[in-house]
Amino acid sequence: MRFTSVILAAALFGGCAHHAPTAASNESKTYKNIIFMVPDGMGLADVTAARNHLYGTGGGRLAFESLPYVGYQQTYSRDSFITDSAAAGSAWASGEKFDNKALSCHDQAPKDGKCDETRKHPQTILEVAKAQGKRTALVVTSDITHATPAAFSSHVSHRKCASEIFAWQLRIGVDVMLGGGTDVNKEPCLLPSTTDNNASLAKAEAMGYEIIRTKTALEAAQSQKLIGLFRDGGLTPQVHKTEPSTEPTLAAMVHKALRLVEGEAGFFMLIEGSQIDWANHKNDFAYQVGEMIDFDSAYKEVAAWIKDRDDTLVVIVADHETGGFAINGPKKAYADASNMEPAWTTLKHTAVDTIIWSNDARFGGAKENSDLYALMREAMGQ
Ligand SMILES: [Zn+2]
């Protein structure tokens, strides 16, 4: 049944028999490395828009569209038909449905940062990788403590508890963390508030992390334990960025992170194009397209790195769609960068399913977001 649906999915969604391994050959394959990429808030129309912006209708494709297996997932959370990034990230990270705002934590508590450890919380996939001796990395364009990376690297009852999230990231010992959010003590919920926002970073330094703030420092970095925080809050949107900039692109962060965590043991890496969501919340087309292209450039780094290897699983999937984004025209003409007619139905998230791209057939077909956890564990041989 499963085999049949995978074949059907491959046929429906363009899996290519000439270039892709058969579904059967992937059934029991395990991988040393897992790269999980999240274009936060991206719907299929965002892909159409970025592709047309770059290539018009002439047949060009975004780089990540070359991945051979395509599926889709339902995104609802435990307490809402419309998920947020915390619950959606937690479903992937921990294999269960969680309440909106919760980070791999089942507490019903209000915003208090703690997560009742007497209750059983599943190990996140990042923790599973860590327990296997693998190296781990979070590479994002939001604050490093933002919902998606936090869902993989903490058990906290509310996504706003940045200080508690960062404490968890140190406790788990995530090896490489690159993104925004220079104030890791922003919005402490449970820990004593402090005016010294370097307190937790000082703790990280004492644990052996190198902490860097600029693109130049990133290029030079050799540390096996690295925290790069390049701006307060999220990184500067591509559409507003002026060069020279001290901030690296997502692609530059991915390039370095891959080289810092690769090795015998293997790794788990989360990469997030965090601000596709933020652009859609603003119904801002130029912002959206800029972040889409940034995300696809990051995939190109991944594609170059995995080119001659078969030991690395790549999964790309959005946590939810944001904005109800659509392209209403032009009619009776083809679209290019200048004449698309963007439209949104909301400033918020929507309930529609999101697309999955992968180099492994098991990720094709119809899925729940929480299914991806077990598939990743299986792919890790767990
Ligand atoms: Zn959002």
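Me: Before we look at helix α10, what counts as a contact between two residues here?
Reply: Two residues are in contact if their C-beta atoms, placed from the backbone, lie within 7 Å. Please note that this is a predicted model.

Me: Fine. Which strands does helix α10 lie across?
Reply: Helix α10, residues 250-261, lies across β3, β4, β6 and β7. Relative to β3, the helix runs at about 165 degrees.

Me: Is β4 enclosed or open, and why?
Reply: Strand β4 covers residues 176-180, and five of its five residues are buried, so the strand is largely enclosed by the rest of the structure.

Me: How many bridges join it to β3, and how many to β6?
Reply: Four bridges join β4 to β3 (residues 135-143), and these two strands run parallel. Another four link β4 with β6 (residues 226-229), also in parallel.

Me: Which residue does Met 177 pair with in β6?
Reply: Its bridge partner in β6 is Ile 227. Met 177 is also the bridge partner of Leu 138.

Me: And what stands opposite Leu 138 in β7?
Reply: That is Leu 270. Strand β7 spans residues 267-273 and pairs with β3 in the parallel sense over six bridges.

Me: Changing topic: what is the strand order of the whole sheet?
Reply: The sheet is open, has 10 strands and shows mixed pairing; the order is β5-β6-β4-β3-β7-β1-β8-β13-β2-β14.

Me: Which strands form the edges?
Reply: The edge strands are β5 (210-212) and β14 (365-368), each of which pairs on one side only. From one strand to the next, the twist averages 15 degrees.

Conventions: Residues numbered from 1 in each chain as written. Predicted model: local features only at pLDDT ≥ 70, side-chain atom pairs only at ≥ 80, totals over all residues. Buried ≥ 20, exposed ≤ 12 C-beta atoms within 10 Å, placed from the backbone. Pairing = 2+ DSSP bridges. Axes fitted to C-alpha atoms, helices over the stretch in contact; angles between N-to-C directions.
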